[in-house]
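Welcome! Below are a few exercises to work through with the model open beside you. Try each task before reading its solution.

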Amino acid sequence: MSSNTLPIWRTEKETTEFEHAVIKVKTCRRRRGQGQTHDFVVLDCPGWVNVIATTPEGQVVLIRQWRHGIQGVTLEIPGGMVDPGEDPMAAGARELLEETGYQAAELIPLGWVDPNPALFNNRCHTFWAQDAVWVHDARPEDTEDIEVLLTPRKDLPSLVASGRITHSLVVAALSLFWLRTGAMVL
């Protein structure tokens with residue numbers, strides 16, 4: 001499939017409608033080739049990271065976290081925003097340590113996804129923290145309510161299939177993990 005035949009939309013004007021530390025809402029007037037113009041909404045966000053941390057004992061470090069968007073608790077892997085000027089891998093190591101108290105000697109890049117390219121302009125990077133070990137209690141941000149859990153690695157597919165893990169970026173991260181490791185077991 002070639003994208004060379006699709007027209008390019010060029011930005012003629014951008015207006016910031018709303019700005020917050022985690023998101024900027026922009027209206028972008030774009031022109032298709034030499035013809036049609038249209039206003040689009042673009043959500044300008046920092047990059048995000050997800051970390052699949054596995055222990056030497058074959059456990060995966062998961063978190064249960066309150067999420068304000070759905071007003072409920074989700075089961076996830078550790079992750080968060082990349083700070084301005086921060087390398088995504090460094091952000092992954094930082095988020096893992098802050099949210100869980102676990103650390104790994106290295107993070108292995110598994111890939112990245114576009115969270116929703118129709119609206120968002122950011123990427124979500126996924127890393128594998130192999131042989132992660134607990135070094136201290138979790139130190140989440142003041143606005144985060146997090147519970148750290150360990151689960152056998154072999155249980156991950158059933159947690160997704162049963163609807164216990166529903167966060168789409170976590171499901172995408174696990175897909176990258178299973179493709180890289182060939183370790184999806186049902």
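Rings of Phe, Tyr and Trp (its six-membered ring) pair if their centres lie within 6.5 Å; planes under 30 degrees apart count as stacked, over 60 as edge-to-face and the rest as tilted. Keep in mind that this is a predicted model.

**Exercise 1. Aromatic pairs**

Task: find how many aromatic pairs there are by this rule, and classify the pair made by Trp-9 and Phe-40.

Solution:
- Step 1. The rule gives 3 aromatic pairs.
- Step 2. For Trp-9 and Phe-40, the ring centres are 5.2 Å apart and the planes meet at 85°, so this pair is edge-to-face.
- Step 3. Now place the two rings: Trp-9 belongs to strand β1 and Phe-40 to strand β3, so the pair ties together parts 31 residues apart in sequence.
- Step 4. Check the surroundings: Trp-9 is partly exposed at 27% relative accessibility, and Phe-40 is partly exposed at 29%.
- Step 5. Another pair is formed by Trp-128 and Phe-177, which is edge-to-face with 5.2 Å centre to centre and 80° between the planes.
- Step 6. Trp-128 sits in strand β10 and Phe-177 in helix α3, so this pair ties together parts that are 49 residues apart in sequence.
- Step 7. Trp-128 is buried, with a relative accessible area of 9%, and Phe-177 is buried at 0%.

**Exercise 2. A three-stranded sheet**

Task: work out the order of the strands in the open sheet, and say which ones are at its edges.

Solution:
- Step 1. The 3 strands follow the order β1-β2-β3, with antiparallel pairing.
- Step 2. β1 (9-19) and β3 (37-44) each pair on one side only, which makes them the edge strands.
- Step 3. From one strand to the next, the twist averages 25°.
- Step 4. Look at β1 and β2 (residues 24-32): these antiparallel strands are joined by 9 bridges. Thr-15 stands opposite Thr-27 in β2.

**Exercise 3. Helix α3**

Task: compare the span of α3 with the expected one, then find what its buried residues pack against.

Solution:
- Step 1. Helix α3 covers residues 168-181, which is 14 residues.
- Step 2. From first C-alpha to last, α3 reaches 20 Å, close to the 20 Å expected at 1.5 Å a residue.
- Step 3. Its buried residues include Leu-169, Ala-173 and Trp-178.
- Step 4. The buried residues of α3 pack against β4 (48-54), β6 (72-76), β9, β10 and α2 (156-161).
- Step 5. After α3 comes Gly-182, with a positive phi near 60°.

**Exercise 4. Cysteines**

Task: count the disulfides in the whole structure.

Solution:
- Step 1. The search finds 0 disulfides.
- Step 2. For Cys-45, the nearest cysteine sulfur is that of Cys-124, 11 Å away. A disulfide needs the sulfur atoms within 2.5 Å, so this distance does not qualify.
- Step 3. Cys-45 is buried at 10% relative accessibility, and Cys-124 is buried at 2%.

**Exercise 5. Two residues to locate**

Task: is Glu-95 buried or exposed, and where is Leu-119?

Solution:
- Step 1. Glu-95 lies in helix α1 (residues 88-100).
- Step 2. The cut-off for buried is under 20% relative accessible area. At 3%, Glu-95 is therefore buried.
- Step 3. Beyond its neighbours within four places in sequence, Glu-95 contacts Val-49, Gly-79, Gly-80, Met-81 and Thr-100.
- Step 4. Leu-119 is in the loop between β9 (108-113) and β10 (124-129). Leu-119 is partly exposed, at 37% relative accessible area.
- Step 5. With neighbours within four places in sequence set aside, Leu-119 contacts Val-41, Val-42 and Leu-43.

Conventions:
Residues numbered from 1 in each chain as written. Predicted model: local features only at pLDDT ≥ 70, side-chain atom pairs only at ≥ 80, totals over all residues. Heavy atoms only, no water. Helix = DSSP H or I, 4+ residues; strand = E, 2+ residues; numbered from the N terminus. Buried < 20%, exposed > 50% of the residue type's maximum accessible area, 1.4 Å probe, protein only. Contact = heavy atoms within 4.5 Å. Pairing = 2+ DSSP bridges. Axes fitted to C-alpha atoms, helices over the stretch in contact; angles between N-to-C directions. Expected span 1.5 Å × (residues − 1).
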